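Me: I'm new to reading protein models, and I'd like to go through one with you. Can you take my questions one by one?

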Amino acid sequence: MAKSGSEKQPGGMKGFFLRAGKSFYSGGIFAKDTSMWAAKILGKVGFIVAATSMVVFMPLLFEIGREAQMIEGERAQVKDLQSKGYSQRQLQELGFTDVAVHGPTVALGK
């Protein structure tokens with residue numbers, strides 16, 4: 001009897017382990033390729049998010065720091081003017097912010 005072009009696959013336990021090995025190998029290749037694709041996409045998205053965050057939030061952080069310095073300067077002026085006898089109302093009329101005139105409403109722990 002002549003073989004028809006494809007070899008007969010072994011059966012039994014040997015055939016099962018050969019087919020299982022090929023299946024696990026092809027599943028591993030698929031998982032590797034899929035995870036590499038996902039890593040590339042997530043890397044690009046992560047870079048875009050990080051770059052956008054730096055461009056948007058860094059100036060905001062600088063402005064918050066600058067405002068804190070301005071409030072500290074105003075507090076020093078308010079303290080000096082209060083020692084000279086100015087009332088809180090007079091200081092507000094001079095244009096000082098409420099934060100500088102009244103101080104924080106919550107105790108600051110230092």
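Reply: Sure, and let's start with a term: a residue is buried if its relative accessible area is under 20%, exposed if over 50%, and partly exposed in between, using a 1.4 Å probe and protein chains only. This is a predicted model, so local features need pLDDT of at least 70 and side-chain atom pairs count only at pLDDT 80 or more, while totals for chains, interfaces and linings use all residues. Residues are numbered from 1 along each chain as its sequence is written, and side-chain values use heavy atoms, with hydrogens and water left out.

Me: What share of the 110 residues in the protein chain is buried?
Reply: Go by the cut-off of under 20% relative accessible area. Counted over the 110 residues of the protein chain, the buried share is 9%.

Me: In what order do the elements of the protein chain run from the N terminus?
Reply: Helices (H or I, at least four residues) and strands (E, at least two) are DSSP runs, numbered from the N terminus. The protein chain has 3 helices and 0 strands. Read from the N terminus, the order is α-α-α.

Me: Which residues make up the largest nonpolar core?
Reply: A nonpolar core is a set of buried Ala, Val, Leu, Ile, Met, Phe, Trp, Tyr and Cys residues joined through side-chain atoms within 4.5 Å. In soluble globular proteins, nonpolar side chains tend to be buried together. Here the largest such core has 6 residues: Val78, Leu81, Leu91, Phe96, Ala100 and Val101.

Me: Which helices each supply at least two residues of this core?
Reply: The core in question is the one with Val78 and Ala100 among its residues. The helices that each give at least two residues to it are helix 1 (12-83) and helix 3 (98-102).

Me: Which residues is leucine 91 in contact with, leaving aside neighbours within four places in sequence?
Reply: Contact means heavy atoms within 4.5 Å. Leucine 91 is itself part of the largest nonpolar core. With those sequence neighbours left aside, its contacts are Val78, Leu81, Gln82, Tyr86, Phe96 and Val101.

Me: Glutamate 74 is buried, so how far away is the nearest side chain of opposite charge?
Reply: Lys and Arg count as positive and Asp and Glu as negative, with His and the chain ends not counted. Glutamate 74 is found in helix 1, and it touches Phe96, Thr97 and Ala100, not counting residues up to four places away in sequence. It has no salt bridge (a side-chain nitrogen of Lys or Arg within 4 Å of a carboxyl oxygen of Asp or Glu). The nearest side chain of opposite charge is arginine 75, at 7.9 Å.

Me: Which residue does arginine 75 form a salt bridge with?
Reply: Arginine 75 is partly exposed at 24% relative accessibility, and its partner is partly exposed too, at 47%. The two both lie in helix 1, 3 residues apart, about one turn of the helix. Their N and O atoms are 3.2 Å apart, and the partner is glutamate 72.

Me: How far apart are the closest N and O atoms of arginine 66 and glutamate 63?
Reply: Both lie in helix 1, 3 residues apart, about one turn of the helix. Arginine 66 counts as exposed at 51%, while glutamate 63 is partly exposed at 39%. They form a salt bridge, and the closest N and O atoms are separated by 2.8 Å.

Me: Which residue does aspartate 80 form a salt bridge with?
Reply: The count of salt bridges comes to 4. Aspartate 80 is partly exposed at 39%, and its partner is exposed at 59%. The closest N and O atoms are 3.7 Å apart, and the partner is lysine 84.

Me: What kind of pair do the rings of phenylalanine 16 and phenylalanine 17 form?
Reply: Rings of Phe, Tyr and Trp (its six-membered ring) pair if their centres lie within 6.5 Å; planes under 30 degrees apart count as stacked, over 60 as edge-to-face and the rest as tilted. The count comes to 1 aromatic pair. Its ring centres are 5.4 Å apart and the planes are at 65°, so the pair is edge-to-face.
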